[in-house]
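Me: I have a predicted model to look over, and I'd like to go through it by question and answer.

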Amino acid sequence: EVPAGRAIHLAFSRDSEPNCGRQVVFPAMNLTRDLPLGGTVLIDLPPGSPGELRFACGMGMYRGMIVVR
């Protein structure tokens with residue numbers, strides 16, 4: 001959970017080889033980032049309105065969400 005009106009700073013790390021873990025996708029923001037094996041990718045998201053911000057891997061198998069309140 002994050003407060004509404006604040007920027008969000010995320011760090012994604014990938015330490016295994018599955019194919020669908022190679023990307024993270026935020027569909028509502030039309031945002032896709034590659035996740036290199038053994039590396040960390042920083043993603044800055046603009047302040048959001050209350051609601052759920054969903055994300056997934058490139059194949060939609062790994063999923064999560066950020067709740068903005």
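**A buried core residue and the charged side chains**

Me: Leaving aside its neighbours within four places in sequence, which residues is Phe12 in contact with?
Reply: This is a predicted model, so local features need pLDDT of at least 70 and side-chain atom pairs count only at pLDDT 80 or more, while totals for chains, interfaces and linings use all residues. Residues are numbered from 1 along each chain as its sequence is written, and side-chain values use heavy atoms, with hydrogens and water left out. With contact meaning heavy atoms within 4.5 Å, Phe12 touches Val24, Phe26, Leu35, Gly39, Thr40, Val41, Ile43 and Phe55.

Me: Is Phe12 buried or exposed?
Reply: Phe12 sits in strand β1; strands are DSSP runs of E, at least two residues, numbered from the N terminus. Buried means under 20% relative accessible area, exposed over 50%, and partly exposed in between (1.4 Å probe, protein chains only). Because its relative accessibility is 16%, Phe12 counts as buried.

Me: How far apart are the C-alpha atoms of Phe12 and Leu42?
Reply: Along the chain, Phe12 and Leu42 are 30 residues apart. In space, their C-alpha atoms are separated by 6.5 Å.

Me: Which side chain of opposite charge is nearest to Arg14?
Reply: Arg14 is in the loop between β1 (8-13) and β2 (23-26). Lys and Arg count as positive and Asp and Glu as negative, with His and the chain ends not counted. Arg14 is buried and has no salt bridge (a side-chain nitrogen of Lys or Arg within 4 Å of a carboxyl oxygen of Asp or Glu). At 4.4 Å, the nearest side chain of opposite charge is Glu17.

Me: Which residue forms a salt bridge with Glu17?
Reply: Glu17 is partly exposed, at 44% relative accessibility. Its partner is partly exposed too, with a relative accessible area of 38%. The closest N and O atoms are 3.0 Å apart, and the partner is Arg22.

Me: How many residues apart in sequence are Glu1 and Arg69?
Reply: The side chains of Glu1 and Arg69 meet in a salt bridge, 3.3 Å from N to O. Glu1 lies in the segment before β1 and Arg69 in the segment after β6 (63-68), so the pair ties together parts whose separation in sequence is 68 residues.

Me: How many salt bridges does a search of the whole structure find?
Reply: Besides the pairs already described, the side chains of Glu52 and Arg54 meet in one at 2.7 Å, N to O. Arg54 is partly exposed, at 47% relative accessibility. For the whole structure, the number of salt bridges found is three.

Technical notes:
Helices (H or I, at least four residues) and strands (E, at least two) are DSSP runs, numbered from the N terminus.
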